[in-house]
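Q: I am new to this structure and would like a close look at how its parts pack against each other. Could you pick a place to start and walk me through it step by step?

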Amino acid sequence: MDFSIKAFDTKNTLAAAKAGVVAVAVFENKKLSQAAKALDASGEITAAVKSGDISGKAGSTLLLRGVGGVAAARVLLVGMGTDEAVSDKSYTTAVGAALKVFGTLGSQDAIIAFPVADVKERDINWAVRALVIAANETEHRTDSQKSKKEPAPAGVRKIVIAADAANAVTQLKPVLAQAVAISNGMALTKELGNLSPNVCTPTYLANTARQLATEYGFDIEVLERKQLEALKMGSFLSVAKGSDEAPKFIVLKHMGGNKKDAPVVLVGKGITFDTGGISLKPGPNMDEMKYDMCGAGSVLGTFRAIGEMGLKLNVIGIVAACENMPSGRASKPGDIVTSMNGLTIEILNTDAEGRLILCDALTYAERFKPAAVVDVATLTGACIVALGHHTSGLFTRHDDAHDALAQELLDAGKQAGDVAWRFPLGENYNEQLKSNFADLANIGTPGAASITAACFLENFTRKYTWAHLDIAGTAWKSGANKGATGRPVPLLTTFLMNRV
């Protein structure tokens with residue numbers, strides 16, 4: 001989808017604009033938005049609303065053709081709920097309804113003139129981003145591995161976002177570019193997540209990172225098994241050793257800020273398929289364990305976004321990638337391994353493998369003397385039990401520095417519409433990770449499983465400011481609409497943008 005922004009005012013009116021369709025908002029109390037009024041010289045829009053042909057309820061639509069005094073071939077009326085305070089949901093519902101109609105039209109171009117300034121507690125920047133992400137979501141395809149591809153989508157391919165003044169166009173052009181970059185980052189994350197696990201292997205993730213490095217000028221290093229052994233990453237390698245696929249430890253560097261500025265480090269869990277290992281998962285829905293690399297996918301998607309927008313910030317991405325497979329070489333429950341920082345870990349359950357690869361990646365992050373580290377992982381099913389599929393889990397220590405980092409992430413999530421919720425951490429939960437035979441067990445005693453998983457990781461982050469995002473419930477959808485969501489690329493990218 002192609003996007004642009006254009007000002008419409010008394011000199012260059014919306015009514016005089018030539019387009020296949022112009023979408024404007026109407027409200028439940030039979031009121032018209034300012035843009036709708038601008039197209040109503042003939043009274044046809046007022047008549048349609050008063051007649052009850054459109055309710056004004058968020059998402060309701062009515063297509064009018066040949067409206068008098070309007071140069072566009074069609075006018076699409078879109079309900080946006082009450083005019084007093086348009087909610088986030090009303091706006092996004094209206095956008096989705098308009099885009100659905102656009103896809104059925106014989107026109108290639110459209111103008112959207114929604115009253116974005118009226119969205120409660122939001123600004124036009126948010127509205128533009130929401131529109132672009134929603135539009136690109138309608139274009140996302142999941143048939144890349146089908147022998148026969150679905151027909152190319154019909155309907156509108158170019159969207160002009162209407163602004164009310166030339167200065168608004170100047171303000172919104174960089175916002176539009178950022179929105180497109182975030183959307184493209186989400187698209188990469190979804191593409192990686194949806195690929196079959198025999199294609200999207202650790203090597204495939206490494207090659208994708210190399211392509212990003214070439215395209216956007218990132219520095220890249222991919223560490224192989226012998227290098228990981230030399231670094232004494234015994235915890236990470238204990239997960240990888242059950243598979244014939246070689247592990248990859250990927251380090252991307254976007255040095256867009258001042259050379260002396262400490263970087264933000266993003267760490268992604270890259271289990272490209274998770275059988276559970278010797279602690280084998282049940283068969284039903286095991287195919288969805290190809291999504292266990294969505295933390296890694298979101299780091300790569302975020303790098304695509306910040307590379308495309310040329311973000312003036314130092315950011316380092318670390319992806320620990322391997323498979324978790326059962327074999328004669330695989331780790332067994334009861335094994336004790338030594339992590340990179342020297343702590344010994346008793347593996348009580350080989351299906352709690354994400355924390356075993358992340359702990360070494362988090363130790364590796366120390367060498368960059370980071371301003372902050374955020375790890376991203378589909379870590380625990382317990383997070384889905386707690387938060388469902390709407391909200392990611394956020395975990396960090398409780399002190400001034402970590403409270404500030406947590407607030408940054410929560411605010412970025414709210415700003416981006418990619419929300420998180422903070423959980424507690426503390427010594428009481430660490431007690432659940434005690435082992436009789438090692439420094440730590442890789443699972444805790446029953447209860448608070450998401451929190452004890454985060455507490456496990458916290459043991460490897462004491463030398464810097466750190467936060468953990470559990471995206472098990474938000475990274476993909478099951479059922480008829482099965483597929484990766486691209487989250488939390490909007491949250492992470494917005495968090496980084498806010499740091500510039």
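A: Let's begin with what an axis is here: a line fitted to C-alpha atoms, taken for helices over the stretch in contact, with angles running from 0 to 180 degrees between N-to-C directions. Please keep in mind that this is a predicted model.

Two packed helices are described by the angle between their axes and the distance between the axes. Take helix α3 (residues 88–102) and helix α4 (residues 124–139): their axes lie 10 Å apart, and they pack at an angle of about 40°. Angles under 35 degrees count as roughly parallel, over 145 as roughly antiparallel, and 65 to 115 as roughly perpendicular, with the rest called oblique. The helices α3 and α4 are therefore oblique to each other. Their crossing is right-handed. On the α3 side, the contact uses D88, Y91, T92, V95 and L99, which meet W126, A127, A130, L131, A134, A135 and T138 of α4. Sorted by class, this contact of α3 with α4 has 9 nonpolar residues, 2 polar ones and 1 charged one.

A second helix pair makes a helpful companion. Helix α6 (residues 202–216) and helix α9 (residues 294–309) have axes that come within 10 Å and cross at roughly 10°. That angle is why α6 is described as roughly parallel to α9. From α6, the contact draws on L205, T208, A209, L212 and Y216, while α9 supplies A296, L300, R304, G307 and E308. In this contact of α6 with α9, 6 residues are nonpolar, 2 are polar and 2 are charged.

Helix α9 leads us on to a sheet. This open sheet has 8 strands in the order β7-β8-β10-β9-β13-β17-β14-β15, with mixed pairing. At its edges are β7 (219–223) and β15 (420–422), each paired on one side only. From one strand to the next, the twist averages 20°. Within this sheet, strand β9 (residues 264–274) and strand β13 (residues 372–377) run parallel and are joined by 5 bridges. V267 stands opposite D375 of β13. Now α9 comes back in: this helix packs on the sheet, where it touches β8 (248–255), β9, β10 (314–324) and β13, and its direction makes about 135° with that of β9. Another helix, α12 (residues 400–416), also packs on the sheet; it touches β13, β14 (392–395), β15 and β17 (466–470), and its direction makes about 155° with that of β15.

To see the packing from inside, zoom in on G268, a residue of strand β9. G268 has a relative accessible area of 0%, so it counts as buried. Leaving aside neighbours within four places in sequence, G268 is in contact with G295, A296, V299, I318, V319, A320, L358 and V376. A296 is a name you have already met, as one of the α9 residues in the contact with α6. For a sense of distance, the C-alpha atoms of G268 and Y291 are separated by 13 Å, and these residues are 23 apart along the chain.

What about the chain that links β9 to α9? N285 lies in that loop. Most residues other than glycine have a negative phi, and most peptide bonds are trans. N285 is not a glycine, yet its phi is positive, at about 65°. Its relative accessibility is 54%, so N285 counts as exposed.

A448 shows a similar backbone feature: its phi is positive, about 55°, although it is not a glycine. A448 sits in the loop between β16 and α14 (449–458). With a relative accessibility of 32%, A448 counts as partly exposed.

One last stop is P488, in the loop between β19 (483–484) and α15. The peptide bond leading from R487 to P488 is cis, with omega near 5°. In helix α15 (residues 489–498), 9 of the 10 residues are buried, so this helix is largely enclosed by the rest of the structure. Among the buried residues of α15 are V489, P490, L491, F495 and M497.

Technical notes. Residues numbered from 1 in each chain as written. Predicted model: local features only at pLDDT ≥ 70, side-chain atom pairs only at ≥ 80, totals over all residues. Heavy atoms only, no water. Helix = DSSP H or I, 4+ residues; strand = E, 2+ residues; numbered from the N terminus. Contact = heavy atoms within 4.5 Å. Nonpolar A, V, L, I, M, F, W, Y, C, P; charged D, E, K, R; others polar. Pairing = 2+ DSSP bridges. Left-handed = near helix turned anticlockwise from the far one by under 90°. Buried < 20%, exposed > 50% of the residue type's maximum accessible area, 1.4 Å probe, protein only.
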